[in-house]
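Work through the exercises below with the sequence and the model open. Try each task before reading its solution.

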Amino acid sequence: QVQLVESGGGLVQAGGSLRLSCAASGITFSANAMGWYRQAPGKQRELVAAISSGGWVNYYADSVKGRFTISRDNAKNTVYLEMNSLKPEDTAVYYCNAGGGFTSVSGRYYYTPGNYWGQGTQVTVSS
C-alpha cells in the first residue's frame, strides 16, 4: 500500500512562511522522484516543485522560484516544501506526488507526475 501523507499546511499572513512535509510509505522512497503540486479554486492543478530521487535535479515553477525550496530526507522517507514570502496567490491545496519523472525542455528539467498522490494539505495566505 502506497501512502503519501502531507502535513504542515495552514493559515498564514502574506510574507509568512510554512514548511510542508510529505511522508511516504509503501515505496522505495530513495528510488522515487517527488513533486509538489497545488490547485487553487477555479484553477488547474499546477506543478510547484519537484526533486529527483537523489536530490540532484530540482524544478521550481517560475511563480515560486526564489521563494520555495524543495528538499528530501531519504532516511526519513520525507519530502519537504519550504515556502517563504508567501503571497495570497499561493493559496491552494498542495499535493504530494511520488514516482514521476523528469524531462528536459529548453535546458530546464520538468517533472511529470507519477501514480501516487497524497490527500492534500490546505495552504491559505491572507492578504
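For the pocket exercise, residues are sorted into classes: Ala, Val, Leu, Ile, Met, Phe, Trp, Tyr, Cys and Pro count as nonpolar, Asp, Glu, Lys and Arg as charged, and the others, Gly among them, as polar. Keep in mind throughout that this is a predicted model.

**Exercise 1. The pocket**

Task: Describe the lining of the largest pocket by class.

Solution.
- Start with the space itself: the largest pocket has a volume of about 150 Å³.
- Next, find its lining. It is made up of 13 residues, and R38, A40, K43, E46 and E89 are the closest to the pocket centre.
- Now sort the lining. Seven residues are charged, four are polar and two are nonpolar.

**Exercise 2. The core**

Task: Find which residues have the most contacts inside the largest nonpolar core, and which elements supply it.

Solution.
- Begin with the general expectation: in soluble globular proteins, nonpolar side chains tend to be buried together.
- Here the largest nonpolar core holds 35 residues. Those with the most contacts inside it are M34, W36, V79, L81, M83 and Y94.
- Then list the suppliers. Two or more residues come from each of β3 (18-25), β4 (33-39), β5 (46-51), β6 (58-60), β7 (68-73), β8 (78-83), β9 (92-105) and β12 (121-126).
- Finally, pick the top contributor: β5 gives the most, with five residues.

**Exercise 3. The disulfide**

Task: Locate the disulfide and state which parts of the chain it ties together.

Solution.
- Count first: the structure holds one disulfide.
- Its partners are C22 and C96, with an S to S distance of 2.0 Å.
- Place the partners. C22 sits in strand β3 and C96 in strand β9, so the link ties together parts that are 74 residues apart in sequence.
- Check the handedness. The angle about the S-S bond is -80°, and the link of C22 and C96 is left-handed.
- Check the surroundings. C22 and C96 are both buried; the cut-off for that is under 20% relative accessible area.

**Exercise 4. Positive phi**

Task: Place N77 and S106, two residues with positive phi, in their loops and decide whether each is exposed or partly exposed.

Solution.
- Recall the background: most residues other than glycine have a negative phi.
- Take N77. Its phi is near 55°. N77 lies in the loop between β7 and β8. Its relative accessible area is 27%, so N77 is partly exposed.
- Take S106. Its phi is near 50°. S106 lies in the loop between β9 and β10 (108-112). Its relative accessible area is 77%, so S106 is exposed.
- The cut-off used for exposed is over 50%.

Methods: Residues numbered from 1 in each chain as written. Predicted model: local features only at pLDDT ≥ 70, side-chain atom pairs only at ≥ 80, totals over all residues. Heavy atoms only, no water. Core = buried A, V, L, I, M, F, W, Y, C linked by side-chain atoms within 4.5 Å. Buried < 20%, exposed > 50% of the residue type's maximum accessible area, 1.4 Å probe, protein only. Helix = DSSP H or I, 4+ residues; strand = E, 2+ residues; numbered from the N terminus. Disulfide = S-S within 2.5 Å. 1 Å grid on protein atoms, 1.4 Å probe; cavity = no way out; pocket = protein on both sides within 12 Å on 5 of 7 lines; lining within 4 Å. Points joined across faces, edges and corners; volume = space filled by probe spheres on them.
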